[in-house]
Amino acid sequence: MTQLWDFSGGVHPSENKHQSTSRPIRMAGIPERLVLPLQQHIGEPAEVIVEVGERVLKGQKIADVTTGMGVPVHASTSGVIEAIELRPVPHPSGMSDWCVVLKPDGEDQWCQLEPIGDYHKLDREKVLHLIREAGIAGMGGAGFPTDIKLRPPRDRKVETLILNGAECEPYITADDMTMREHATEVVNGLKVMAWILRPSRCVVGIEDNKPEAITAMREAIQGTQIEIAVIPTKYPSGGEKQLVQILTGLEVPSGGIPADIGVMCQNVGTAMAVSRAVFEGKPLISRIVTVTGKAVGEPGNFEILVGTPVSYLLESAGLQKSQLNRLVLGGPMMGYTLTTDTIPLVKTSNCIIAATVDELPAPPPEQPCIRCSQCAEACPMELLPQQLFWYSKASEFEKAEHLNLFDCIECGACSYVCPSSIPLVQYYRYAKDEIRKQRAEQLKSDHARERFEARQARLEREQQEKELRRKERAKAAAEAQAQKQAEAEQSVAEGEATDERATKAALVQQALERKKAKAAQAAEPAPDAVEQPDIETLEKQLMQAETKLSTMQGMLDEARAQQADNVEKLERAVAKNHDRVERAREALAEARGQMAANTSDASSE
């Protein structure tokens, strides 16, 4: 039997899971429109690689991430790209983001798939690339690209691979039903990830309130060394750090990740997606979503196409609009209220709660903190929620960060037990966002300072090089003069010029004659010689002027962004350089015209 440990804090809210587990998983079907956001994961948003009006096939890549961290987005069914525009996306703020709008054609025609028969014969990098190309990101909430997560640092060997099947939050049963009906696929996906990481232990953590899932998974692991660990039901046992502590007894260090202690967690849905990508060649274009709440007549779990609007799924579950009071995306502890049902479901969407007034009533007004310490007792991260609340509310973010604000997993246990109805997690999210903004501004300021210092160093270096060249020219001129003087003295010593005055006069006369000859040659050019303008020099001058104008314009934009004191000075410098560029262009154009005229005259003669 697997040894288990416990974690501090935690709560026991009403589970409300039985409503959505009485029916098998149903196919949601194909809606009239699919809205596919380009940002469905942590990292860089994908870039569109299709055009409006183009027909795409099911599983075809329609957006990709070429630089930075991210995964591609695929068409969930066959159809025509109707638009690429800003649409509301799943986010607590209700923000809009760039989306690809796909109009299905009803044919549901797949693109060419390339399943793998035996992945053991392939290089691990090739399998990781396949997982990346399938667009798989963590389906447990954060959406971290799975291929990157499966590449831990070389100095951090993963000894324990954990499959998170706890699903501790109330109402949500997507992982539970996935393990019941797709246990074999889940285990196959776990085997692939274990083959990539080569851990010494693989364990699946499932809460003891899921007996059917436990039975199905135990049957699926027959003949393997995978362990099934049945853990006590307590929220948030499904949190990554809490599950690691329960199954290994190890604590993830503050600011660290499980890989720091040789552990990695993956989600049940992610394992199934990996299995389908490897053995069927299918990208991640669908997932299991729980639809529950008293406002739906047929609660349950649906396999939906990524990009399906919430409104379509609610209709499939028999929404009773007259009873609907509140829509929540996610669970009641960590989810957020939706302001519209037009948003699409994405790779990280796992639950929709259509609640009535009595089911999820509006929170009572916030009251002053009575310092009861219940929040500290419930916190699974052993933080000090009360002090974090005070510092966040007072915008003393440095003090909040000093108390390990970023270790907060935003589970909502503190808010759940607070007798004063203080939305503690909202304050923590606000403080985290402000700290991130300040860091971004500081980073931007540091980059600007580094660019300025680099520019000053370059100018100083160029000035030193210019001064060095001037000294070298002066030294060369002095040496040449000394050599001439020495030659003159030698001539006198050898008797070639007995009279120094006469010698000097002769030298002066020769110099005057040479000068007259040059002047005469310049005044009377040969008939076939045509003076040509120096186009190359003028082009070089124009290029230098344009480069300097671009540099000054960049400095002006940066100064305006930072509201610096030298904006007016830089504006005058930009205007001055702009005039220089115009004059250089006019001179070059005039020279080119003159050259063309000279060439025409020469050809006519």
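Helices are DSSP runs of H or I with at least four residues, numbered from the N terminus. The model used in these exercises is predicted.

**Exercise 1. The positive patch**

Task: Find which residues gather in a patch of positive charge on the surface, and which helix gives the largest share.

Solution:
- Step 1. List the members. They are K548, K576, R580 and R583.
- Step 2. Look for the main contributor. Helix α16, residues 567-604, supplies three residues, the largest share of the positive patch.
- Step 3. Place K548. This lysine sits in helix α15, residues 535-562.
- Step 4. Check the exposure of K548. Its relative accessible area is 43%. Partly exposed means between 20% and 50%, so K548 is partly exposed.

**Exercise 2. A bridge between the same two helices**

Task: Determine what joins E571 to R560, and how exposed each residue is.

Solution:
- Step 1. Name the contact. E571 and R560 form a salt bridge, with the closest N and O atoms 3.1 Å apart.
- Step 2. Locate both ends. E571 lies in helix α16 and R560 in helix α15, so the pair ties together parts 11 residues apart in sequence.
- Step 3. Classify E571. At a relative accessible area of 35%, E571 is partly exposed.
- Step 4. Classify R560. At 42%, R560 is partly exposed.

**Exercise 3. Salt bridges across the sequence**

Task: State how many salt bridges a search of the whole structure finds. Then examine K58 with D108, and R276 with E185.

Solution:
- Step 1. Give the total. The search finds 38 salt bridges.
- Step 2. Take K58 and D108. Their closest N and O atoms are 3.1 Å apart. K58 lies in the loop between β4 (55-56) and β5 (61-64), and D108 in the loop between β8 (96-104) and α1, so the bridge ties together parts that are 50 residues apart in sequence.
- Step 3. Compare their cover. K58 is buried, at 10% relative accessible area. D108 is partly exposed, at 26%.
- Step 4. Take R276 and E185. Their side chains meet in a salt bridge, 3.0 Å from N to O. R276 is in helix α7 (residues 268-279) and E185 in helix α4 (residues 183-197), 91 residues apart.
- Step 5. Check their cover. Both R276 and E185 are buried.
- Step 6. Add a network. Salt bridges link K61, D64, R132 and E133.

**Exercise 4. The nonpolar patch**

Task: Identify the residues of the nonpolar surface patch, and place F144.

Solution:
- Step 1. The patch is made by I42, F144 and I148, and covers about 200 Å².
- Step 2. F144 is in the loop between α1 (124-133) and α2 (146-149).
- Step 3. F144 has 30% relative accessibility, so F144 counts as partly exposed.

**Exercise 5. Covered elements**

Task: Decide how well helix α3 and strand β14 are covered, then find the strands that pair with β14.

Solution:
- Step 1. Start with α3, residues 174-181. Six of its eight residues are buried, so this helix is largely enclosed by the rest of the structure. The buried ones are A174, D175, D176, M177, T178 and M179.
- Step 2. Turn to β14, residues 300-305. Six of its six residues are buried.
- Step 3. Sort the directions in β14. G300, F302 and I304 point one way, while N301, E303 and L305 point the other way.
- Step 4. Recall the rule. In a regular strand, side chains alternate between the two faces of the sheet.
- Step 5. Find the parallel partner. Strand β1 (residues 26-27) pairs with β14 over two bridges. R26 has F302 as its bridge partner.
- Step 6. Find the antiparallel partner. Strand β13 (residues 286-292) pairs with β14 over six bridges. T290 has N301 as its bridge partner.

How values were computed
Residues numbered from 1 in each chain as written. Predicted model: local features only at pLDDT ≥ 70, side-chain atom pairs only at ≥ 80, totals over all residues. Heavy atoms only, no water. Patch = residues over 30% accessible without salt bridge, like charges linked within 9 Å, V, L, I, M, F, W, Y side chains within 5 Å. Areas by Shrake-Rupley, 256 points an atom, 1.4 Å probe, with all protein chains shown as cover. Salt bridge = Lys/Arg side-chain N within 4 Å of Asp/Glu carboxyl O. Buried < 20%, exposed > 50% of the residue type's maximum accessible area, 1.4 Å probe, protein only. Lys, Arg positive; Asp, Glu negative; His and termini not counted. Charge placed at Lys NZ, Arg CZ, Asp CG, Glu CD. Pairing = 2+ DSSP bridges.
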